[in-house]
Amino acid sequence: MTFKKRIALFAAALAVCPVWVAAEGIPDFASLDRNRDGALTLAEARHFMDTRTLEADFNRSGKLDPKELSRAAAHMNERQAADYIELLDTDGDNQLDYDEIAQDLPMIFQAADLDRSGSLSSEEYAEAVARFGR
């Protein structure tokens, strides 16, 4: 894949990543904050992502293929899903396992954690959504 294509796919990925955001829209803070303590941890965000990915994993293989990804993210056709998979596929099997899907989550989370507390307040989450999500 050419560098130019990787940049274009990365830009597209920012708009549709992660898969559960593409499929259902950006979740509200309350749906992510599982223990209702007013702080969103990386583990809570990952749990939500894994749950949504499991819902898209129709054959329960532990991986998403282009057909499953395009079904979960209706705005993607299978070719676009295959290109997206190529961008994130670290083991070269032309499918995305849950870790490959979530590989950028720590970096995204860190960028949103403005006070470097290790968790996101509802305000930090809202600011990140306003800045990057919509």
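**Briefing: loop arginines, helices and nonpolar cores**

Arg 36 lies in the loop that links α3 (29–32) to β1 (40–41). The model described here is predicted. Its chain of 134 residues contains nine helices and four strands. The points below cover overall architecture, the two nonpolar cores, helix α4, and two arginines with positive phi.

**Overall architecture**

- Read from the N terminus, the order of elements is α-α-α-β-α-β-α-α-β-α-α-β-α.
- Buried residues make up 38% of the 134 in the chain.
- When contacts between residues at least 6 apart in sequence are considered, 52% of them connect residues at least 24 apart.
- The chain exposes an accessible surface of about 7,600 Å², and carbon and sulfur atoms account for 55% of that area.

**Nonpolar cores**

- The largest nonpolar core comprises 17 residues. Within this core, Leu 69, Met 76, Tyr 84 and Leu 96 have the most contacts.
- Three helices, α4 (42–56), α5 (66–72) and α6 (78–88), each contribute at least two residues to this core.
- The greatest contribution to the largest core comes from α6, which provides five residues.
- A separate second core consists of ten residues, among them Phe 48, Ala 112, Leu 120 and Val 129.

**Helix α4**

- Helix α4 is built from 15 residues. From first C-alpha to last, α4 spans 21 Å, close to the expected 21 Å at 1.5 Å a residue.
- The buried residues of α4 include Glu 44, Ala 45 and Phe 48, together with Met 49, Thr 53 and Ala 56.
- An α-helix has 3.6 residues a turn, so residues three or four places apart point the same way.
- Phe 48, buried in α4, is one of the members of the second core.

**Arginines with positive phi**

- Arg 36 is not a glycine, yet its phi is positive, near 55°.
- The relative accessible area of Arg 36 is 58%, and therefore this residue is classed as exposed, the cut-off being over 50%.
- Arg 116 also has a positive phi, about 55°, although it is not a glycine.
- The loop that holds Arg 116 runs between α8 (105–112) and β4 (119–120).
- Arg 116 has a relative accessibility of 54% and so counts as exposed.

Definitions and conventions
Residues numbered from 1 in each chain as written. Predicted model: local features only at pLDDT ≥ 70, side-chain atom pairs only at ≥ 80, totals over all residues. Heavy atoms only, no water. Buried < 20%, exposed > 50% of the residue type's maximum accessible area, 1.4 Å probe, protein only. Contact = heavy atoms within 4.5 Å. Areas by Shrake-Rupley, 256 points an atom, 1.4 Å probe, with all protein chains shown as cover. Core = buried A, V, L, I, M, F, W, Y, C linked by side-chain atoms within 4.5 Å. Expected span 1.5 Å × (residues − 1).
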